Amino acid sequence: MEKRSIGPGTLLGPLPVVLVGSYGEVERHGTTSVIQNPMTAAWTGIVNSTPPMVSVSIRPERLSHRFIMETGEFTLNIASSSQAADVDFCGVKSGRDLDKAKACHLTPLKLSTLSVTAGYKECPVILACRVHEVKKLGSHDMFIGKIVDVLADDALFAKDQLDLTKADLLTYYHGDYYGQSRRIGFFGYSVAKTNVLKRRLPKEFWPEAR
Ligand SMILES: Cc1cc2nc3c(=O)[nH]c(=O)nc-3n(C[C@H](O)[C@H](O)[C@H](O)COP(=O)(O)O)c2cc1C
């Protein structure tokens, strides 16, 4: 296939788009309040398996950046496609101007593994993270966090097996949001034995149907 060069850019996807939870003190119109602040981020990903680590890149001018620097912790709240409008809102408004959690009816959930930073009850999966390292990259600072706990909604489990397709997780690609509830394979399925494939995948994805 002929390729067209479009120059250097950030064209990788689909990406998870998450609500980064952070906590701190903010002054609005002369009044100081302590808030839980959700901020949308798409520049995030797993960067290590053992210990489990994740990165999220945040511009220094964001309120969330200051909050995470001050507390040394953050949460990554993975949203469902039904939460797309709230995710978008938390990515175009700053906690400097309003309480985004209240505006989006996001309920802070206290976590036993973090000191002050909450997760959000309405998000199906929450990663609780402690900052391991901050790397200055240019426009963004990359926070590498150790994942100290993962919380997933009870409703996502079938016989103790986590089924994330039930969460219809939200993804982001090149300026647009997508749901992605369709499961089409599993890790290693391209080389799995036929009997394993037949047990774990719908008929339309069995080898003879490919
Ligand atoms: C889809 C989407 C993805 C975003 N991804 C990031 C990101 O990865 N890093 C970042 O610094 N800002 C990102 N933003 C912008 C911030 O979420 C936005 O500036 C927000 O208002 C900052 O909130 P705060 O000032 O309360 O921290 C994104 C916004 C949207 C809508």
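**Figure 1. Surroundings of Leu19 in the predicted model.** Beyond its neighbours within four places in sequence, Leu19 is in contact with Pro38, Met39, Thr40, Asn77, Ala79, Val87, Cys90, Tyr120 and Cys123. The coordinates shown in this and the following views belong to a predicted model. Leu19 is also among the residues with the most contacts inside the largest nonpolar core, together with Val18, Val20 and Leu76.

**Figure 2. The largest nonpolar core.** This core comprises 35 residues. Two or more of its residues come from each of strand 2 (18-28), strand 3, strand 5, helix 1, strand 6 (73-78) and strand 9 (125-136). Strand 9 contributes the most, giving five residues to the core. In soluble globular proteins, nonpolar side chains tend to be buried together. Across the protein chain, buried residues make up 28% of the 210 residues.

**Figure 3. The shell around the ligand.** The ligand is surrounded by 22 residues, of which Trp43, Ser64, Gly91, Ser94 and Gly95 come nearest. Strand 3 (31-41), strand 5 (53-58) and helix 1 (63-71) are the elements that give two or more residues to this shell. The largest share, four residues, is supplied by strand 3. Sorted by class, the shell holds nine nonpolar, eight polar and five charged residues. Strand 3, strand 5 and helix 1 also appear among the elements that give two or more residues to the largest nonpolar core.

**Figure 4. An open sheet of three strands.** The strands of this sheet follow the order 1-13-14, and their pairing is antiparallel. Strand 1 (15-16) and strand 14 (176-178) form the edges, each pairing on one side only. Strand 1 and strand 13 (residues 171-173) run antiparallel and are joined by two bridges. Within strand 13, Tyr172 is the bridge partner of Leu15. Strands of a sheet pair through backbone hydrogen bonds, either parallel or antiparallel.

**Figure 5. Domains and overall extent of the protein chain.** The domain assignment divides the chain into domain 1 (15-179) and domain 2 (185-210). A distance of 34 Å separates the C-alpha centres of domain 1 and domain 2. Taken along the principal axes, the C-alpha atoms of the protein chain fill a box of roughly 70 × 50 × 35 Å. The chain contains four helices and 14 strands. Among contacts in the protein chain with a separation of 6 or more, 61% involve residues 24 or more positions apart.

Definitions and conventions. Residues are numbered from 1 along each chain as its sequence is written. This is a predicted model: local features need pLDDT of at least 70, side-chain atom pairs count only at pLDDT 80 or more; totals for chains, interfaces and linings use all residues. A residue is near a molecule or strand if its C-beta atom, placed from the backbone, lies within 6 Å of it. Ala, Val, Leu, Ile, Met, Phe, Trp, Tyr, Cys and Pro count as nonpolar, Asp, Glu, Lys and Arg as charged, and the others, Gly among them, as polar. Domain bounds come from an automatic or database domain assignment. Two strands pair if DSSP finds at least two bridges between them. A nonpolar core is a set of buried Ala, Val, Leu, Ile, Met, Phe, Trp, Tyr and Cys residues joined through C-beta atoms within 7 Å. A residue is buried if 20 or more other C-beta atoms lie within 10 Å of its own, exposed if 12 or fewer, and partly exposed in between; C-beta atoms are placed from the backbone. Two residues are in contact if their C-beta atoms, placed from the backbone, lie within 7 Å.
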